[in-house]
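This report introduces the structure shown below to a new reader. It considers a sheet, a helix and the nonpolar cores in turn.

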Amino acid sequence: MSQTRKKPEELRSHRWYGVKDMRSFGHRSRTAQMGYHRSDYAGKPVIAIINTWSDINPCHTHFKQRVEEVKRGVWQAGGFPVEMPALSLSEPMQKPTTMLYRNLLAMETEELLRSYPADGCVLMGGCDKTTPALIMGALAMNLPTIFMPAGPMLRGDYKGKYLGSGSDTWKYWAELRAGNITEADWQDVEDGIARSPGHCMTMGTASTMTSATEVLGLTLPGAASIPAPDSRHAQMATLTGKAIVEMVWTDVKPLDFLTAASFDNAVTAVLGLGGSTNSIVHLVAMAKRAGINLTIDRFDELARQTPVLANLRPSGAFLMEDFYYAGGLRALLGQLGDLIDGSARQCNGRTLAENIAGCQVYNAEVIRPRANPLVAKDGLAVLRGSLAPDGAIIKPAAMEPRFHKHTGRAVVFKDYNDMAARIDDPALDIDATCAIVLQSAGPQGAPGMPEWGQLPIPQKLLKQGVRDMLRISDARMSGTSYGACVLHVTPESHVGGPLALVRDGDMISLDIAARRVDLLISDDEMARRKAAWQPPPPKFTRGYGVLYLKHIQQADKGCDFDFLEPEAKQAGTGEPEIH
């Protein structure tokens, strides 16, 4: 990475502010209109702070304060901070799924950085899709970039027990439906499960992706593990603001240091954390934006050698607050040892090995040594077979082992509404050995590939004590979820993949050791069903949805838009003319 320091006239923002012409007069006079004196910005790096705060995003409620702390760091380091609000993808609130809008935030981030006088940027995110979206957009522009993670919320509380986001929601919902807890108990869970700012405090998608981002080198060391309400999180925000100014002067850009080894490190860390299956679709898309071909098969290769060391829900017992006190991500990376390439460079100019030097584990039950892993390997697994020719995903660490090799009779639901209407019907022909199949839940079919993959267990089986079943869909699953759920089946049913052809009574086999999921019908029968299949009507007829359906790729390709990949770029810099 460059050690030469830029001169003020070499700043990108100089084209807006430093030129002596009529247009620059307009830029300077309008900046004065906002109350800034020329000495506030002249010859200084302009830092775009892309802030995904909104009133409807509970994970980012503290961002109003954190953005001021980032600005403080920028000012102190001699930069000029400019806050730019961006689309806030609120995982609990936005329907049908934030995944539908991940690429929209990525586009907005890219265009904000392209069209305004930004020399570098601080990305403020954390709630599930905000992290990959912000980074995808920033990688496309390749300005000096640093990410400020939102941090996990505090542990939930219920009658003296710790509650974990999502994981305990599903657990107690099942107990309520089974009649084992009361409505009053359920209300107590609701009141105590989310009690501070911050994203999910289980090892869900949010902590998985912020941790992967730190390993990639796009945050300050240790940033992803700090709980949101902890005063050290506010300190980290200010240090982030200071760091980006130095990165601009030394021209440290993400594509200068992100390599295939960087992404292997991120995948290995995700596996060691027992991270979310959603990480696959996001990291594949992020890598492609960096010009790196990360495939789902690479996840599987690394999973075969990587132990799960983080004893965190949903795979384990503890929560992110415990993880931070136990030493955090840096300590876990230290335990992974030679599975991590310590020579990978980071945004602060150091190597990953330098950034984790001296880390210690303070609680070996939370962060296990390699000699005593939570799971020896296969935290995630990639499946193929006649039901998923282009791949499917499962999380063996978060399911009952008896389903690792299983054959069951298919009970098929054509879409989510069909499932919701019939799943608890006492007359439904289903038992604990069956495979629940949900169609039309993929990128185009749902639309947006929602987190419907942890399909509900029928109430009559819950009352019999059943808590896990084989479940198969082209949907995703919340990183806080658990169970024998085959996800991301590709090609999806909406485009005529084999999942669309499954019928009630078909036998489906799962064999994790063999990495297979198969529909046990003859090739001739498969061909007959395929010939009779009719494509369903599109889900959108106007607006962003039409653009989405036209250009969205399948899950194994990262669900990015085809026209946003690096190879799709046209000749030229993509920089705006200043007129």
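## Sheet and cores

Gly-125 has Pro-149 of β4 as its bridge partner. Strand β3 (residues 120–125) and β4 pair in the parallel sense over five bridges; pairing requires at least two DSSP bridges between two strands. Helices (H or I, at least four residues) and strands (E, at least two) are DSSP runs, numbered from the N terminus.

The model is predicted: local features need pLDDT of at least 70, side-chain atom pairs count only at pLDDT 80 or more, and totals for chains, interfaces and linings use all residues. Residues are numbered from 1 along each chain as its sequence is written, and side-chain values use heavy atoms, with hydrogens and water left out.

An open sheet of four strands follows the order β2-β1-β3-β4 with parallel pairing. Its edge strands each pair on one side only:

| Edge strand | Residues |
|---|---|
| β2 | 80–85 |
| β4 | 145–149 |

Helix α10 lies across β1 (46–51), β3 and β4, and runs at about 175 degrees to β4. Such angles run from 0 to 180 degrees between N-to-C directions, with axes fitted to C-alpha atoms, for helices over the stretch in contact (heavy atoms within 4.5 Å).

A nonpolar core is a set of buried Ala, Val, Leu, Ile, Met, Phe, Trp, Tyr and Cys residues joined through side-chain atoms within 4.5 Å; buried means under 20% relative accessible area (1.4 Å probe, protein chains only). The largest nonpolar core has 74 residues, of which Ile-50, Leu-113, Val-122, Phe-263 and Leu-283 touch the most other members. Helix α10 (residues 231–249) gives the most to this core, with eight residues.

Notes
Buried < 20%, exposed > 50% of the residue type's maximum accessible area, 1.4 Å probe, protein only.
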